[in-house]
Amino acid sequence: MITKKNSRLCMFFEPGFLGTHSQLNLDELQSVDISVLHSLREAAQKVHISEPLLDYMQEILAFTRQSGLYSSGLSTRGALTLSRLAKAWALLQDRAYVIPSDIAFLLPFVTAHRIKSKDGSSSPSHIASEKINHDHQES
């Protein structure tokens, strides 16, 4: 795991490095050496996703395929992308593990171009809430 004290990558964990979620000043970004990118990739791969969280991701995948709300469900490749993105996001949040809110936050970014609602009324950004509503209706 990358630590703040002993890494060349500590600049990625400095407060304000990414700006706010709504504001990032591109003029202030600096180039990064390819070795830093490789180190970040390796560190992200080491971030832990618990079995229950993997099960949750699998349930989301199945929901998009079986609910009848979407023309086609999230592919295996899309699910793998979500997993890798969640790990990278957790790393940028200075955590060695993924939490459920990471998945819920990132899901729309992964699904926006991958799945379409059958009737056009449902946005991929609402998959997590639709899944929760669907689960509550069944119980």
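## Exercises on a helical chain

Gly68, located just after α2, adopts a positive phi of about 85°. The model is predicted, so that local features need pLDDT of at least 70 and side-chain atom pairs count only at pLDDT 80 or more, while totals for chains, interfaces and linings use all residues. Residues are numbered from 1 along each chain as its sequence is written, and side-chain values use heavy atoms, with hydrogens and water left out.

**Exercise 1.** State how many helices and strands the chain contains, and describe its pattern.

*Solution.* Step one: the secondary structure amounts to 5 helices and 0 strands; helices (H or I, at least four residues) and strands (E, at least two) are DSSP runs, numbered from the N terminus. Step two: along the sequence, the pattern reads α-α-α-α-α. Step three: of the 139 residues in the chain, 32% are buried, where buried denotes under 20% relative accessible area, exposed over 50%, and partly exposed in between (1.4 Å probe, protein chains only). Step four: among contacts (heavy atoms within 4.5 Å) with a separation of 6 or more, 66% join residues 24 or more positions apart.

**Exercise 2.** Compare the span of α2 with its expected value, and determine where its buried residues lie.

*Solution.* Step one: α2 covers residues 51–66, and its 16 residues reach 22 Å from first C-alpha to last, close to the 22 Å expected at 1.5 Å a residue; the expected span is 1.5 Å times one less than the number of residues. Step two: Leu53, Tyr56, Met57, Ile60, Leu61, Phe63 and Thr64 are the buried residues of α2. Step three: these occupy an arc of only 160° around the axis, which places them on the same side of α2; the arc is that of the directions from the helix axis to the C-beta atoms. Step four: Glu51, Pro52 and Gln66 are exposed on the other side of α2.

**Exercise 3.** Describe how α2 packs with α3, and name the residues that meet.

*Solution.* Step one: the axes of α2 and α3 (residues 76–92) are 11 Å apart, and the two helices pack at an angle of about 145°. Axes are lines fitted to C-alpha atoms, for helices over the stretch in contact, and angles run from 0 to 180 degrees between N-to-C directions. Step two: from α2, Met57, Leu61 and Arg65 meet Thr76, Ala79, Leu82 and Ser83 of α3.

**Exercise 4.** Is Leu74 buried or exposed, and which residues does Leu74 contact?

*Solution.* Step one: Leu74 lies in the loop between α2 and α3. Step two: with a relative accessible area of 2%, Leu74 is buried. Step three: leaving aside neighbours within four places in sequence, the contacts of Leu74 are Leu61, Thr64, Arg65, Ala79, Thr111, Arg114 and Ile115. Step four: Leu74 and Thr111 are 37 residues apart along the chain, and their C-alpha atoms are separated by 7.1 Å.

**Exercise 5.** Characterise Gly73 and its surroundings.

*Solution.* Step one: Gly73 is situated in the loop between α2 and α3. Step two: Gly73 counts as partly exposed, at 22% relative accessibility. Step three: not counting residues up to four places away in sequence, Gly73 touches Thr64, Arg65 and Ile115.

**Exercise 6.** Locate Asp94 and describe its phi.

*Solution.* Step one: Asp94 is found in the loop between α3 and α4. Step two: its phi is near 65°, a positive value in a residue other than glycine. Step three: at 34% relative accessibility, Asp94 counts as partly exposed.
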